Amino acid sequence: MKKCIFTLTLLLFTVLAAGAQNYKWAGGVRFGGATGGVTVKHKFDSANALEGILAFPWKDGFTATALYERHLPIIGEGFEFYYGLGAHLGSWEHRFSLGVDAVVGLEFRVPALPLAFSLDYKPAFNIVRKTKFYMADIALGAKYIF
C-alpha cells in the first residue's frame, strides 16, 4: 500500500510540476523486447538524437544497435514523439549478424527530476546470417539525464 501511495504521489508531482528539462545526454535501460539492455542517447538539439543500445538477448550473444532519431514535441511540455532509422550488428552462436532497424515511440521527461521514460516499437530486418523480419520488439525505457 505504501508503494502504491508513493507511486501515485510521484506521478501527481511529475504531472503538476512545470518546466520539463531539455537534455544533451541520457543513459539507462530498455526493458522488454528482443533488444532490451543498456541504452545511451545524445541529443544534438531539441529535434535530433543518436541512440545506442547494447543488448544481450541470448545466452551467448549480443546485439549493438545505433539509431538516428527525430523528436517532435506533442501533448504538452516534456512529452515527445520520436521516430528514426538505424542499424544493428551482433553475434550469437558464434555467427555474425547485420541488419537495419526502425523505431517509433513516446518519451516523457520528468519535470524537476533528471529522468526520462519511453515506450517504443523497434522492428528490425536481419540481412546477414538469417534473413528475417523481427516485428515483436516493444519496450519500456528508463534513462537518467546528465
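This tour moves through a predicted model, from its first strands to its largest pocket.

**The β1–β2–β3 strands**

Begin by selecting strand β1 (residues 25–31) together with β2; the two run antiparallel and are joined by 6 bridges. Within this pairing, V29 stands opposite V38 of β2. Follow the chain from one strand into the other: β1 and β2 form a hairpin with 5 residues between them. In that turn, select G32, where phi is positive at about 90 degrees.

Next, extend the selection to strand β3 (residues 48–55), which pairs with β2 in the antiparallel sense over 7 bridges. V38 serves again as a reference point, as its bridge partner in β3 is L54. Here too the connection is a hairpin, with 4 residues between β2 and β3.

Now display β2 (residues 37–43) alone against the surface of the remainder. Why is this strand described as largely enclosed by the rest of the structure? Of its 7 residues, 5 are buried, so the surrounding structure largely encloses β2. When inspecting any strand, it is useful to recall that side chains alternate between the two faces of the sheet in a regular strand.

**Lysines over tyrosine rings**

Select K41 and Y82, showing side chains. The charged end of K41 sits over the ring of Y82, at 4.5 Å from the ring centre. Then select K43 and Y23, where the charged end of K43 sits over the Y23 ring, 5.0 Å from its centre.

**Aromatic pairs**

The model contains 3 aromatic pairs, two of which are visited here. Select F79 and F108: their ring centres are 4.5 Å apart and the planes meet at 35 degrees, so this pair is tilted. Because F79 belongs to strand β5 and F108 to strand β6, the pair ties together parts that are 29 residues apart in sequence. Are these two residues buried or exposed? F79, at 32% relative accessibility, counts as partly exposed, whereas F108, at 16%, counts as buried.

Move to F81 and Y83, which also form a tilted pair, 6.1 Å from centre to centre with 35 degrees between the planes. F81 is partly exposed at 28% relative accessibility, and Y83 is partly exposed with a relative accessible area of 40%.

**The loop after β6**

Select A112, in the loop between β6 and β7 (115–121). A112 has a positive phi of about 70 degrees, although it is not a glycine. Its relative accessibility of 51% places A112 among exposed residues.

**β6, β8 and β9**

Select β6 and β8, which pair in the antiparallel sense over 4 bridges. One point to locate is V100, whose bridge partner in β8 is F125. On adding strand β9 (residues 132–134), one finds 3 bridges joining it to β8, again antiparallel. There, N126 has K132 in β9 as its bridge partner. β8 and β9 form a hairpin with 3 residues between them, and R129 in the turn has a positive phi of about 95 degrees.

**The largest pocket**

Finally, display the largest pocket, which holds about 190 Å³ of space. Which residues lie closest to its centre? Of the 14 lining residues, these are A34, T35, W58, A124 and Y134. The elements that contribute two or more residues to the lining are β5 (79–92), β6 (95–109) and β8 (124–128). To finish, colour the lining by residue class: 6 residues are nonpolar, 5 polar and 3 charged.

Notes. Residues numbered from 1 in each chain as written. Predicted model: local features only at pLDDT ≥ 70, side-chain atom pairs only at ≥ 80, totals over all residues. Heavy atoms only, no water. 1 Å grid on protein atoms, 1.4 Å probe; cavity = no way out; pocket = protein on both sides within 12 Å on 5 of 7 lines; lining within 4 Å. Points joined across faces, edges and corners; volume = space filled by probe spheres on them. Nonpolar A, V, L, I, M, F, W, Y, C, P; charged D, E, K, R; others polar. Phe/Tyr/Trp six-rings, centres within 6.5 Å; stacked < 30°, edge-to-face > 60°. Buried < 20%, exposed > 50% of the residue type's maximum accessible area, 1.4 Å probe, protein only. Lys NZ or Arg CZ within 6 Å of the ring centre and 35° of its normal. Pairing = 2+ DSSP bridges.
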